[in-house]
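I opened the notebook to look up charged pairs and one stretch of strand pairing. The entries below follow the order in which I checked them.

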Amino acid sequence: MGQTYDIQFPQANRAVVCQRCTQIFNQKPKEVNFSIVRDKANNLFFEINDKQWFNQVFKNAGDGIAIDVVIKDRYDCSEVSIRDGQIRGELLKPVYASTLKKTLKPEGERRFRTRVGKLSQNYTNKEVEFNILFLSNKNLCRYQTIFNLQAYQWDLLDMGMYLDSLTYKTRLNALADKEGYTLKYKNLQFTIPFEKNKSNYSQEDIKPLYDSLRLTDYNIKKISIRAYSSVEGNLDRNIELQEQRANSIVTALQTFQKPTITTEVTSSENWVEFLNDISNTEYEGLKKLKKVVIKSKLKEGLAMRLEPYLKNHRKAIINLELEKKDRFKDKSVTVLIDLFNEILDQDKEIEAIEIQNSIFEKLKNKQTDPEVLKQMKIPKQLKYALFFNKNSAFRYLMDERNLLIAYRELEDLEKLAPEDYKIKYNLAALKFKIWRYKVEPVDEEEFKKEILALKNYGISQTLIDRMLVNYHIVKSEIYLRKQDYVTKDKSVDYIYSNYKKIPLTDYDYLSLAQYLSYYSNIDKAVAILSSKVKSIDVNENLLFYYLNLTLVDKELTKTTDYRTIMLNAISMNKKRFCTIFNAFDDGGVTFQLLEDDFLRATYCENCNR
C-alpha cells in the first residue's frame, strides 16, 4: 500500500469506530445520490443532490473524503490475477469536514459540489476512475466505487392519438431522442430456417411466404434481418454465409415490388440458443468452457452428435415494415387538396379519408407545410367530425409544439360531437402533456375522473389502465420535487403493481426499468427485464440495459445462464458490450467490474483483441 496520510484502517474495532457512519448510510434515502466529477483543469469535485444529508455525513472535524485514483491498466488481460488490497490505486490527500463545508457550492438544479483534490499530470492519456473513501474520525468506514448506472425519468407510456384508428409513435432508438410515428405502417416478424449447405434463396423459395403474408395492399418499406449460424464452424465463414443467405432473401422479396426496399442485415453466431439447448443434457459441461474450446470439441466430432440441436440454430429472424399502398402518391399536395374538397362535396367520405391520409404522408415527408390543412374545406357538421379530429391530432403528431393549438381545436370540436370517443380520448392524451410540462394548471382529481369516465364512451379498460399508470408517473415526479419520498413511493408501487395489466412493447419495458432505476428501485427494474433477456430476438437496448443493472451482482455473474446472456449481447453488438467496461466518464459502467473474475474472463476472451 502506498501513501495513506493520516487515515486509519480499523480491523477488529471497525463496528465501534464506524457506528455513526454506518448508521447514516443505512438511513440514507435512496433518492440521495453522489459522484466524483472532473473539470477541464483536472480538479476533482464531490457532487451530491442533498445538502442536509451531506452535513450529517461530514459533521465532525475528523469526518472527510479521500479519493483513490484507479487506472484501467490494473486489469490488463495479460496479468494472471489482480493485486489484492483495500486501496486499488493512488490515494489523494484527505479533505476534512471544515474544508468540505466551506467550499460546498450550488451546481445547477438541486446539486451541490465541493473540491476534493486534483489529478496529477502522471495520469495524462490514461483511463482513470475515482473511488471514494468515506472517513469517520479519520477511520476508513466506507469504500465506494461509482457505477454509471443509466437511470432516466420515464417518459409517459405512449397513449397514441386516434386518427382513423389509434396511432402510436414509433421509437426509433429507446435510448435516444429520435422518434417518428406510424400512420400507415404495420410490422410483421417471422423466422426462416436455413438448410445446412444452402446459401441462396430464389423467388420460388420465397413466393409461398410472400403469398401467406397477404401483402397485396402493402409495399415492404424496410426489411431488418438478424441472421444466425450454428456455432460449430469458422467464425468469419459463418458470418459470411449468413450474410449471403440474408441478402438472397432480400433480393427475392424485392422482385415482388417496384419501390426499393431499405434493408438492414446483421449476422452472428447463435451462442445463446446453443447454450440454452444443452442445459440439463449430458453436454451441459460445455457451458463452462471458453468459446474457442467449445469450437475445438465440435470440430473434433462432437458436432455430428449435436446436429439435432445445431440444425435449429441456423435461421433468420426477419422483420418487415409495411407501408399501405398509396394510389395518390404521385399527385402534388395542391392537387390533393383540390381533389379532397371536390370529393367531400360529393359526400364520398371513404375516398376523402384516403386522400387525407395521402396528404398526411406528404406532410410527414416534409413535402409541404402543415398550414395547407387549413385549405381543406370541411363543413362544420357532426358527420365530418372525424376529419377535424384527424387534422388536429396530426398537427400534434407532426410537432409537439402544436400541443395547445391541437387541444383548443379538440375542445371546440367536442362541443360539436360531445359523444365522440376519439375526441374524448385525444383530449385526455393531450392533457397529460399539458399537466406534466406545466403548460396550464390541471385539477388532478378532476382529471382522474375524466380518465375513468372514458369507459362510458367505449374506451377499453386496457387503454384506461395505461393512462392511470401515466397519471402516477406524473404524480411521482411532483412528489419527488416536493421531497415527499413516502407519497412518491406509493405512486411508484402503484405503477409496479399495475404494469402487468397493460400490453407493453420492448420500448415500454425498457422505459419502465429506467423509471424504476431513476427512483432507486433497481431490484424491481431487474425483475421486470429478467424474463425478456433470455431469447435470441430480445431488443438490443433492453438487453444491454439489463446488463447495465446486473453486472455489479457477483452472485449472478458467476452463473452459466448469465454468461449465456453476455454472449448473446456480444453476438448482437460486440463493440457495445466491450464499452461497458470503459471508464464511467467514457461511456462505460466502470472498468472496475473487472475485479469480478467471471466478468474479466468473458471480457478478456471477447474484447481483448
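These entries cover salt bridges first and strand pairing second.

**Entry 1, the model.** I am working from a predicted model. I keep that in mind for each distance below.

**Entry 2, salt bridge count.** I looked up the total and found 43 salt bridges. I then went through a few pairs one by one.

**Entry 3, Arg327 and Glu351.** I found a salt bridge between the side chains of Arg327 and Glu351, with N to O at 3.8 Å. The two residues are 24 apart and the pair links distant parts of the chain. Arg327 sits in the loop between strand 17 (315–324) and helix 9 (333–345), while Glu351 belongs to helix 10 (residues 349–364). I also checked accessibility. Arg327 has 55% relative accessibility and counts as exposed because the cut-off for exposed is over 50%. Glu351, at 25%, counts as partly exposed.

**Entry 4, Lys374 and Glu371.** In the salt bridge of Lys374 with Glu371, I read 2.8 Å between the closest N and O atoms. Lys374 is exposed at 60% relative accessible area, and Glu371 is partly exposed at 39%.

**Entry 5, Arg395 and Glu409.** Here the closest N and O atoms of the salt bridge are 3.9 Å apart. Arg395 is in helix 11 (residues 385–398) and Glu409 in helix 12 (residues 403–416), so this pair ties together parts 14 residues apart in sequence. Which of the three classes does Arg395 fall into, buried, partly exposed or exposed? I get 9% relative accessibility for Arg395, and since buried means under 20%, Arg395 counts as buried. Glu409 has 31% and counts as partly exposed.

**Entry 6, a network.** I followed salt bridges that share partners and arrived at one network made of Glu47, Glu107, Arg111 and Arg113.

**Entry 7, strand 7.** I turned next to strand 7 (residues 112–118). How many of its 7 residues are buried? I count 5, which leaves the strand mostly covered.

**Entry 8, partners of strand 7.** I looked up the pairing of strand 7 with strand 2 (residues 43–48) and found it antiparallel, over 6 bridges. Ile48 has Phe112 of strand 7 as its bridge partner. Strand 6 (residues 105–106) also pairs with strand 7 in the antiparallel sense, over 2 bridges. Pro106 stands opposite Phe112 in this strand.

**Entry 9, the hairpin.** I noted that strand 6 and strand 7 form a hairpin, with 5 residues between them. In the turn, Gly108 has a positive phi of about 75°.

How values were computed: Residues numbered from 1 in each chain as written. Predicted model: local features only at pLDDT ≥ 70, side-chain atom pairs only at ≥ 80, totals over all residues. Heavy atoms only, no water. Helix = DSSP H or I, 4+ residues; strand = E, 2+ residues; numbered from the N terminus. Buried < 20%, exposed > 50% of the residue type's maximum accessible area, 1.4 Å probe, protein only. Pairing = 2+ DSSP bridges.
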